[in-house]
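Trainee: I should like to understand the reasoning behind the terms used for this structure. May we go through them in turn?

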Amino acid sequence: MTTTIAALPDHNRTTDPLWQRLFHGYSHVVTPLRYAGWVTDIETCGGEFHIRADLRDGTELIIVSEHSLPADPTEVDGWSAIRQDVQDPSKHTVLYDSTPNGPQRHHGNSLIPLLMRVDALDVPSRAPRLIVSATHTAPYGASHNQTAGIEGAATAIARFWEWSQRLMDHEGYRRVWQRPESDYPLALFESVGHIYTLRVTRSDD
């Protein structure tokens, strides 16, 4: 099977309970970046937290909130993304800022606009573009298909996550199965006989 997601970080902090809690808590940001092909980490230096993705061209992507990331992801009030030189962080570009005083503040803590900007980066190797789609099957057998169209890898994986959360948090579905993350996401949801199949597939364009 071809690898579709970047490897986990290789360091001794992966066994630290704080790192594990943050890596899991911010998985809705980390996982899309890994599907874009970038090893992505949570930095915890000096009591300040940020997400760092290695863009594999001598630069890295840094994602924080208004300052560092809060320990509780639900407290994020916006995202700030910077691309900086690995050797000289003074060489950097602000890519996106939806924090309360940022130019994209109207997006707040929404993840899709942030990752659309990240997917637009000029990088030497790019992950395949993906499609998020769903099939709803009613108890009496009728089916209905929906698709979000073709998107960059990070955006599509984030959309899969947001779609999953909407089904569970607002539409009364429960997730009954999800494919392991080594391949593109696929999940089944059920509610009183209604079945939702939500999937991410590779685009052929």
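Mentor: Certainly. The model is a predicted one. An open sheet of five strands has the order β7-β6-β10-β9-β8, and its pairing is antiparallel.

Trainee: What makes β7 and β8 the edge strands?

Mentor: Strands β7 (143-151) and β8 (174-178) each pair on one side only. From one strand to the next, the twist averages 20 degrees.

Trainee: How do you know that β6 and β10 pair?

Mentor: Two strands pair if at least two bridges are found between them. Eight bridges join β6 (residues 130-137) to β10 (residues 194-202), so the condition is met. These two strands run antiparallel, and Ala134 stands opposite Leu198 in β10.

Trainee: Which helix packs on this sheet?

Mentor: Helix α4 (residues 153-170) does, touching β6, β7, β8, β9 (186-191) and β10. The direction of α4 makes about 25 degrees with that of β6.

Trainee: Why is α2 called oblique to α4?

Mentor: Helix α2 (residues 27-35) and α4 pack at an angle of about 140 degrees, with their axes 7 Å apart. Angles over 145 degrees count as roughly antiparallel and those from 65 to 115 as roughly perpendicular. The angle of about 140 degrees fits neither class, nor is it under 35 degrees, and α2 is therefore oblique to α4. Their crossing is right-handed.

Trainee: Which residues make the contact of α2 with α4?

Mentor: His28, Thr31, Pro32 and Tyr35 of α2 meet Ala153, Ala154, Ile157, Ala158 and Trp161 of α4. The residues of this contact divide into seven nonpolar, two polar and no charged.

Trainee: What order do the strands of the other open sheet have?

Mentor: The order is β1-β2-β3-β4-β5, with antiparallel pairing. Strands β1 (40-43) and β5 (92-97) each have a single partner strand, so one side of each is left without a neighbour in the sheet.

Trainee: How do you know that β4 and β5 pair?

Mentor: Five bridges link β4 (residues 80-85) and β5 in the antiparallel sense; at least two are required, so the two strands count as paired. The bridge partner of Arg83 is Thr93 in β5. Helix α3 (residues 111-119) lies across β3 (59-64), β4 and β5, running at about 145 degrees to β5.

Trainee: Why is the chain called as compact as a globular protein of that length?

Mentor: The chain has four helices and 10 strands. Its radius of gyration is 18 Å, close to the 17 Å that the globule rule gives for 205 residues, and the description therefore applies.

Terms used: Residues are numbered from 1 along each chain as its sequence is written. This is a predicted model: local features need pLDDT of at least 70, side-chain atom pairs count only at pLDDT 80 or more; totals for chains, interfaces and linings use all residues. Side-chain values use heavy atoms; hydrogens and water are left out. Axes are lines fitted to C-alpha atoms, for helices over the stretch in contact, and angles run from 0 to 180 degrees between N-to-C directions. Contact means heavy atoms within 4.5 Å. A crossing is left-handed if the near helix is turned anticlockwise from the far one by less than a right angle, and right-handed if clockwise. Ala, Val, Leu, Ile, Met, Phe, Trp, Tyr, Cys and Pro count as nonpolar, Asp, Glu, Lys and Arg as charged, and the others, Gly among them, as polar. The radius of gyration is taken over C-alpha atoms; the globule rule is 2.2 Å times the number of residues to the power 0.38.
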